[in-house]
Amino acid sequence: MSDAIEQQRATITRPLRIVGLATTVTKETAQQRIGALWTAAGKRGLLRPDQPAYSVYFDYEDAYASEYRVLVGRAGEHEPGDDEISLVIPPGAFETFRKRGNVVKVVGEIWHHVWAEWDGAALRVMGLEAGEG
């Protein structure tokens, strides 16, 4: 598989509910906390090899991403367990970014790509409905 980040426009035709673990991060804590979040989601059994995993960034404090929340989980209609939340992604067109490898390294590379290289700034913001578990 290529070392490049795979970028693709995806269209969601009906609401997509993501259930998983979330944390609040800042630019300074993002890499460590998001890596730990992926590890915790895997240990909890939220990540399965036969299902896509999702990482959703939301609740941005400001346009500079000073503080925001990150959810790591999978699509499903199951109820969130202890310390889990669910987000509903509304129907629409979204840009997706994929890369295989060490999750901590890959998340940092994709984050940098989205904020420093990608020219789709207008698509970064979307409305989500969050529900605590």
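Which residues does His113 touch, not counting residues up to four places away in sequence? In this predicted model, the list reads Ile5, Gln7, Phe97 and Trp118. With Gln7 there is also a polar contact, in which the two side chains are joined at 3.2 Å. His113 itself sits in helix α2, which covers residues 103-117. Its relative accessibility is 14%, so His113 counts as buried, the limit being under 20%.

Stepping back to the whole protein chain, there are 2 helices and 7 strands. Read from the N terminus, the elements go β-β-α-β-β-β-β-α-β. Of the 133 residues, 31% are buried. Looking just at contacts with a separation of 6 or more, 73% come from residues 24 or more positions apart. The accessible surface adds up to about 8,300 Å², and carbon and sulfur atoms account for 50% of that.

Then there are the aromatic rings, with 2 aromatic pairs in the structure. One of them is the stacked pair of Tyr57 and Tyr68, set 5.7 Å centre to centre with 20° between the planes. This pair links distant parts of the chain, as Tyr57 belongs to strand β3 (residues 53-58) and Tyr68 to strand β4 (residues 67-75), 11 residues apart. Tyr60 and Tyr68 are stacked too, because their planes meet at 20° with the ring centres 5.0 Å apart. Together, the ring pairs tie Tyr57, Tyr60 and Tyr68 into a cluster. Within that cluster, Tyr68 counts as buried at 1% relative accessibility, whereas Tyr60, at 30%, counts as partly exposed.

Technical notes. Residues numbered from 1 in each chain as written. Predicted model: local features only at pLDDT ≥ 70, side-chain atom pairs only at ≥ 80, totals over all residues. Heavy atoms only, no water. Helix = DSSP H or I, 4+ residues; strand = E, 2+ residues; numbered from the N terminus. Buried < 20%, exposed > 50% of the residue type's maximum accessible area, 1.4 Å probe, protein only. Polar contact = N/O pair within 3.5 Å; in protein donor to acceptor, adjacent residues only side chain to side chain. Contact = heavy atoms within 4.5 Å. Areas by Shrake-Rupley, 256 points an atom, 1.4 Å probe, with all protein chains shown as cover. Phe/Tyr/Trp six-rings, centres within 6.5 Å; stacked < 30°, edge-to-face > 60°.
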